[in-house]
Amino acid sequence: MRVDDGFSGSSFERPAFQAMMADVKAGKIDCIVVKDLSRFGRNYLDAGEYIEKIFPFLGIRFIAVNDNYDSLNSNPESDELIIPFKNLINEAYCRDSSIKIRSQLEIKRKRGDFIGSFAVYGYRKDPDDRHRLAVDGFAADVVRDIFRWKLEGVSAADIADRLNKDGILPPVEYKKQQGMRFNTPFRINARSLWHATAILRILKNPVYTGVLEQGRNTTPSYKVKRRVARPRGEWSVTEGAHEAVVTPEDFAAVQKVLALDTRTSPGSSAVELFSGMAACGECGAAMVRKTVPAGGKKYVYYVCAAHKNEKTCYTHSIRDSVLEEIVLESLKKQIHDVISLSELMEMAESVQLQKAGAVKLQERLDRKQAEADRYQRLLLSLYESLMDGMISRQEYREMKKNYAALRSEAETQAEAVREEMCHVLENTVHGCGWMEQFKKYRNITALDRVIVVSLIDRIYIYRDKRVENKYNWQDEFRWLAGILEQGAVSRTGTDTEGQGTASAGSAGASGRDMACVSGRDAAGQQPGKEAV
């Protein structure tokens with residue numbers, strides 16, 4: 001007896017069926033008996049191929065008990081019509097079931113239910129609701145360590161080595177230890193170990209911020225089991241679906257670190273402080289480290305890669321110690337400005353901030369909507385112009401294509417403004433979480449890799465020794481500072497209000513200068529030693 005439990009009848013690529021066919025070809029079987037035709041297979045074409053061609057050719061007797069079919073004693077006149085029809089009905093049932101299951105799964109995904117067979121590493125299925133993820137304390141701590149080490153500049157391979165050295169079980173072995181019947185195609189050895197690939201999968205997975213992304217791939221149909229990727233716009237994404245393991249700010253910082261071209265120095269397991277962060281302010285190329293021996297000592301400089309490799313930019317450099325001092329002083333000032341802005345926000349009315357932000361964005365939305373409507377009117381008038389002979393058919397097609405593209409672009413931009421309005425309202429109502437990233441370093445005395453990648457987007461170095469820090473959340477800072485400044489300027493009357501105006505004005509100025517905060521000129525310290 002051959003049984004294929006857990007395998008779809010829509011395909012004949014089933015282990016037990018293939019084993020049976022191997023016995024048939026070996027001459028061990030001359031009769032096949034099934035309960036009914038649906039148990040044999042639910043693929044109309046393949047089932048008919050076996051019953052009408054392959055089995056008769058091989059001399060195999062085929063019996064379907066409930067369908068009262070026996071190939072040895074068949075009635076050609078009726079069976080040639082009834083058997084194909086029954087196979088067609090069986091396939092239709094399979095197709096209908098597939099449509100219903102896909103529809104139900106899509107509803108669950110859009111509702112934010114977790115429909116995976118196993119929870120991702122760091123989580124477990126909630127005992128009270130199997131469609132919701134709950135934090136797994138031990139594994140979640142490992143995930144937090146992985147993110148923290150990456151922010152500190154440790155490579156994925158070195159993180160994997162640390163975990164293996166500490167005896168931390170990788171996801172596959174950990175799930176098995178928890179009693180789960182888990183298997184994965186990523187396993188290549190009898191006993192799994194941590195590898196850089198597994199570390200990178202964890203670091204790139206937004207599920208650890210509480211975001212549930214499902215429906216990323218699918219099968220073309222119930223007959224084709226090959227998995228294909230779906231466009232990102234068709235994914236089911238649910239924000240706040242479960243408790244976060246890492247903050248969105250840390251996750252974003254890690255994605256930025258992964259995108260940087262960072263390499264560790266020989267003999268070091270972590271990247272340098274400004275690795276991948278410093279760029280030439282003249283040409284935009286990376287500023288690379290260069291070690292220069294002098295007087296029995298080694299001095300480290302940052303030089304423009306474009307000049308060093310291709311001589312296409314100006315020759316300029318800066319000592320690593322000088323750059324660190326400048327960036328630290330600038331960062332201290334920025335932290336102070338953010339804290340001041342936060343204090344002003346606490347004094348300002350939340351409704352005032354919402355109203356000012358909404359009015360500003362509503363104006364942008366109205367302009368984009370008017371633009372989309374204008375292109376729509378032009379599209380409608382094109383046909384009249386064609387009928388009146390004012391334009392040719394070729395011109396009509398080209399203009400229609402152009403106006404349709406412009407209208408679609410305007411509608412897309414309008415939708416982006418609507419999403420920004422929702423973000424603004426949420427930001428002003430629930431506070432600005434990005435400010436906390438600056439506040440927790442209010443007593444900063446020295447730089448480390450985590451601080452640099454968490455707060456700074458890019459560091460630009462110019463040939464006149466000027467250093468420009470571009471900070472993360474720059475647009476948010478400017479927007480809030482501008483709103484507070486507008487609200488304060490619009491008030492008149494008492495001296496108290498005047499003091500508020502001055503404070504808001506200061507915050508606004510800081511916001512405008514945020515992208516161009518310079519430390520003292522590096523040439524102020526022994527300029528003769530700054531040239532490489």
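Arg95 is partly exposed at 36% relative accessibility, a class that sits between buried (under 20% relative accessible area) and exposed (over 50%), judged with a 1.4 Å probe and protein chains only. Arg95 forms a salt bridge with Glu91, and the closest N and O atoms are 3.3 Å apart; the term stands for a side-chain nitrogen of Lys or Arg within 4 Å of a carboxyl oxygen of Asp or Glu. Glu91, by contrast, is buried, with a relative accessible area of 5%. The two residues are 4 residues apart in helix H4, and so are separated by about one helical turn. That spacing fits a general rule: an α-helix has 3.6 residues a turn, so residues three or four places apart point the same way. Helices here are DSSP runs of H or I with at least four residues, strands are runs of E with at least two, and both are numbered from the N terminus.

Before we walk on, a word about the model. It is a predicted one, in which local features need pLDDT of at least 70 and side-chain atom pairs count only at pLDDT 80 or more, while totals for chains, interfaces and linings use all residues. Residues are numbered from 1 along each chain as its sequence is written, and side-chain values use heavy atoms, with hydrogens and water left out.

Let us stay with helix H4 a little longer. Asp96 and Lys100 also lie in this helix, 4 residues apart, about one turn, and their side chains meet in a salt bridge of 3.2 Å, N to O. Here Asp96 is partly exposed, with a relative accessible area of 36%, and Lys100 is exposed at 54%. A third pair reaches out of the helix: the side chains of Lys86 and Asp67 meet in a salt bridge of 3.1 Å, N to O. Because Asp67 lies in the loop between strand E2 (61-64) and strand E3 (69-70) and Lys86 in helix H4, this pair ties together parts that are 19 residues apart in sequence. Asp67 is buried, with a relative accessible area of 19%, whereas Lys86 is partly exposed at 27%. Elsewhere, Glu106, Arg109, Arg230 and Glu234 are linked in a network of salt bridges. The total count of salt bridges comes to 22.

Helix H4 has a nonpolar side to its story too. Tyr44, Leu45, Phe85, Leu88 and Ile89 form a nonpolar patch on the surface, with about 490 Å² of accessible area together. Patches are made of residues with over 30% relative accessible area and no salt bridge, where nonpolar side chains (Val, Leu, Ile, Met, Phe, Trp, Tyr) are joined within 5 Å and like charges within 9 Å. The areas come from the Shrake-Rupley method with a 1.4 Å probe, and for residues only the protein chains shown count as cover. Helix H3 (44-58) and helix H4 (76-111) each supply at least two residues of the patch, and H4 gives the most, with 3 residues. Ile89, which lies in H4, is partly exposed at 46% relative accessibility.

Follow helix H3 and you come to Phe55, which is buried, with a relative accessible area of 1%. Leaving aside residues up to four places away in sequence, Phe55 touches Met21, Ile32, Phe40, Tyr50, Ile60 and Phe62, where contact means heavy atoms within 4.5 Å.

Now for the interior. Which residues touch the most other members of the largest nonpolar core? They are Tyr121, Trp194, Tyr208 and Leu447, out of 84 residues in that core. Helix H11 (residues 320-347) contributes the largest share of this core, 12 residues. Such a core is a set of buried Ala, Val, Leu, Ile, Met, Phe, Trp, Tyr and Cys residues joined through side-chain atoms within 4.5 Å. A second, separate core of 18 residues includes Met21, Ala47, Ile51 and Tyr69.

Helix H6 (residues 156-165) makes a good last stop, with Ala156, Ile159, Ala160 and Leu163 as its buried residues. Seen down the axis of H6, these fall within an arc of 100°, so they line one face of the helix; the arc is that of the directions from the helix axis to the C-beta atoms. Among the elements covering them are helix H5 (137-151) and helix H8 (196-203). Trp194 touches Ala160 and Leu163, among other residues.
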